[in-house]
Amino acid sequence: MIEVKNITKKYGSFTALDDISFTINDGEVVGFLGPNGAGKSTTMNIITGFIEQTEGHVLVNGFDTVKKAKKSKGEIGYMPENVPLYVDLTVKEFVNYMAELRKVNRKVKKERVQKVLKETGLDVMQNKLIKNLSRGQKQRVSLAGTLVADPKILILDEPTVGLDPKQITEIRSLIKDLGKKHTVILSSHILSEVSQICDRVIIINKGKIVAIDTPDNLEKKVSTNNVIYVTVEDNEQKVETLKNKIPGVIDINLIKTNEDGTKQFEIKGQDDVNLNKVVFSEFAKENIVILEMKKLDATLEDAFMKIIKEGGTK
Ligand code: ADP
Ligand code: MG
């Protein structure tokens with residue numbers, strides 16, 4: 001179990017993580033989802049004990065990552081964002097070296113190395129030099145190095161970044177498999193990716209957790225039904241009264257107020273209704289000026305807006 005309690009991380013005066021808390025249970029596969037700069041790597045680095053938080057604490061299977069750093073580190077296999085590999089070693093040499101580094105028992109070392117090479121599909125290329133491998137294969141080498149000490153918890157930072165679609169599919173299915181025996185945390189900025197692999201998703205934005213939920217529930221929240229977003233001049237009350245007046249419109253909700261005072265509304269319609277058309281004409285009748293109108297596609301940005309607006313689901 002990983003217990004993250006009120007973690008704040010400051011780099012100078014900049015707050016990268018702002019009082020985040022969550023728990024990850026044994027056997028779970030959890031995804032950190034968020035745009036670049038959200039704080040995913042920082043969170044992972046704190047859990048793994050590579051950097052120290054400014055406030056709060058983290059317990060990894062009961063071990064405090066600061067006070068019992070050695071023990072908590074021993075529970076975790078960590079694959080950082082930019083895969084560090086010794087390119088002049090062969091695959092087998094590298095995994096063997098990682099086994100030594102992680103103090104895998106001499107007697108079982110050989111067996112363990114072969115086991116993880118097999119698990120990661122690298123046994124057929126174990127004598128190849130790492131520098132001659134494809135990016136996807138290198139990623140698997142890194143994963144093998146992480147797995148060799150048989151950690152209970154795997155932390156994988158953006159494991160599919162830079163891979164081609166076929167390699168991505170391979171790594172994802174490998175991670176799914178690993179999830180059967182390990183607790184896994186992975187990070188990604190792709191909503192569909194974490195949905196496919198993870199039991200739960202933690203959405204991080206600007207150093208704060210904005211949602212923790214199952215992929216199913218999150219997708220329901222950002223589903224691309226018949227929805228449009230309309231930005232108008234400050235006319236909140238007038239727009240609210242239109243809720244029940246426009247044929248085919250199910251709901252109108254204020255999403256955000258922009259700095260210039262303009263307001264964005266989310267408008268939901270029945271499936272067969274051309275929302276652009278009815279909203280445009282009805283708003284015109286009421287003299288509400290439409291500054292922007294866009295259809296919802298389930299981008300991360302829209303998901304965030306929606307989830308933040310709803311006050312999170314923690
Ligand atoms: P993510 O992994 O979600 O892309 P990071 O955790 O790497 O985000 O970064 C979170 C924020 O903290 C970013 O704004 C980043 O610029 C900042 N940051 C990360 N590491 C440092 C550092 N060593 N010094 C200063 N700022 C940092
Ligand atoms: Mg990162």
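Which residues of helix 10 are buried? Keep that in mind while you get your bearings; this is a predicted model, and the tour ends up at that helix.

**Whole chain.** Start zoomed out. The C-alpha atoms fill a box of roughly 80 × 40 × 30 Å along the principal axes. Switch to cartoon and you have eleven helices and 14 strands to look at. Of the 314 residues, 49% are buried. Turn on the surface: about 15800 Å² is accessible, and carbon and sulfur atoms account for 49% of that.

**Two domains.** Colour 2-221 as domain 1 and 224-295 as domain 2. Their centres, taken over C-alpha atoms, sit 43 Å apart.

**Helix 10.** Now select residues 275-285 and show side chains. Here is what you were looking for: Leu275, Val279, Glu282 and Phe283 are the buried ones. They lie on the same side of helix 10, because they cover an arc of only 100 degrees around its axis. Spin the helix to its other side and pick out Lys277, Phe280 and Lys285, which are exposed.

**What the buried side packs against.** Add strand 11 (227-232), helix 9 (236-241), strand 12 (249-257), strand 13 (263-269) and strand 14 (290-295) to your selection; the buried residues of helix 10 pack against these elements.

**The two ends.** Go to the start of helix 10 and click Asn274: one of its side-chain oxygens comes within 3.3 Å of the backbone nitrogen of Asn276. Then hop to the far end, where Asn287, just after the helix, has a positive phi of about 60 degrees.

Notes
Residues are numbered from 1 along each chain as its sequence is written. Chains are lettered from A and ligands numbered from 1 in the order in which they are written. This is a predicted model: local features need pLDDT of at least 70, side-chain atom pairs count only at pLDDT 80 or more; totals for chains, interfaces and linings use all residues. Side-chain values use heavy atoms; hydrogens and water are left out. Domain bounds come from an automatic or database domain assignment. Buried means under 20% relative accessible area, exposed over 50%, partly exposed in between (1.4 Å probe, protein chains only). Helices (H or I, at least four residues) and strands (E, at least two) are DSSP runs, numbered from the N terminus. The arc is that of the directions from the helix axis to the C-beta atoms. Contact means heavy atoms within 4.5 Å. A polar contact is a pair of N or O atoms within 3.5 Å; within protein, one must be able to donate a hydrogen and the other to accept it, and residues adjacent in sequence count only if both atoms are side-chain atoms. Accessible areas come from the Shrake-Rupley method with a 1.4 Å probe; for residues, only the protein chains shown count as cover.
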